[in-house]
Amino acid sequence: MRMPLITLSLASLLALPAAAQETSLVAGTVKKIDTAQGKLTLDHGPIKNLDMDSMTMVFKAGDAAMLKTIKPGDKVKFTADRVNGQLTVTKIQK
């Protein structure tokens, strides 16, 4: 009876690196910031958790305060996800 429990625990442990990979930082360059709309345009590398190739696109800022920490031309690392159906930058750093 314990064997299925151990197998499940081991499977859960093995899944952790995949989950961590989903939120890995992505390299990008800030192209434009629209503080009025709470959006930013990023030229970015592949975003694995969104199954997205490298491209330039507009994202919603998860927190408007993050837009004050960056400017066009900055090289950044960020995480993005779907939040309420919108592609959203959830974390960003220079």
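Here are legends for a few close-up views of this structure, which is a predicted model.

**View 1. Strands β1 and β2 make a hairpin.**
Start with β1, which covers residues 26–34, and β2, which covers residues 39–44. The two run antiparallel, and six bridges join them. Between them sit four residues, and it's worth picking out Gly38 in that turn, with its positive phi of about 70 degrees. To see the pairing up close, find Lys32, which stands opposite Thr41 in β2.

**View 2. Thr41 is a buried residue in β2.**
Is Thr41 buried or exposed? Its relative accessibility is 15%, and buried means under 20%, so Thr41 counts as buried. Now look at what surrounds Thr41, skipping its neighbours within four places in sequence. One set of contacts is Thr29, Val30, Lys31 and Lys32. Thr41 is also in contact with Thr56, Met57 and Val58. Lys32 shows up here again: besides being a contact of Thr41, Lys32 is the residue opposite it across the β1–β2 pairing.

**View 3. Strand β2 also pairs with β3.**
Strand β3 takes in residues 55–61. How many bridges join β2 to β3? There are six, and these strands run antiparallel. A handy pair to look for is Lys39 and Lys60, since Lys39 stands opposite Lys60 in β3. So β2 has a partner in β1 and another in β3.

**View 4. Asp53 sits in the loop between β2 and β3.**
Here we leave the strands for the stretch that links two of them. With a relative accessibility of 59%, Asp53 counts as exposed, because the cut-off for that label is over 50%. Being exposed doesn't leave Asp53 without contacts: setting aside residues up to four places away in sequence, Asp53 touches His44, Gly45 and Pro46.

**View 5. Phe59 and Phe78 form the structure's one aromatic pair.**
How are the two rings arranged? Their centres are 5.8 Å apart and their planes meet at 65 degrees, so this pair is edge-to-face. Phe59 belongs to strand β3, while Phe78 belongs to β4 (residues 75–83), so the pair ties together parts that are 19 residues apart in sequence. What about accessibility? Phe59 has a relative accessible area of 0% and is buried. Phe78 counts as buried too, at 0% relative accessibility.

Note on methods. Residues are numbered from 1 along each chain as its sequence is written. This is a predicted model: local features need pLDDT of at least 70, side-chain atom pairs count only at pLDDT 80 or more; totals for chains, interfaces and linings use all residues. Side-chain values use heavy atoms; hydrogens and water are left out. Buried means under 20% relative accessible area, exposed over 50%, partly exposed in between (1.4 Å probe, protein chains only). Contact means heavy atoms within 4.5 Å. Two strands pair if DSSP finds at least two bridges between them. Rings of Phe, Tyr and Trp (its six-membered ring) pair if their centres lie within 6.5 Å; planes under 30 degrees apart count as stacked, over 60 as edge-to-face and the rest as tilted.
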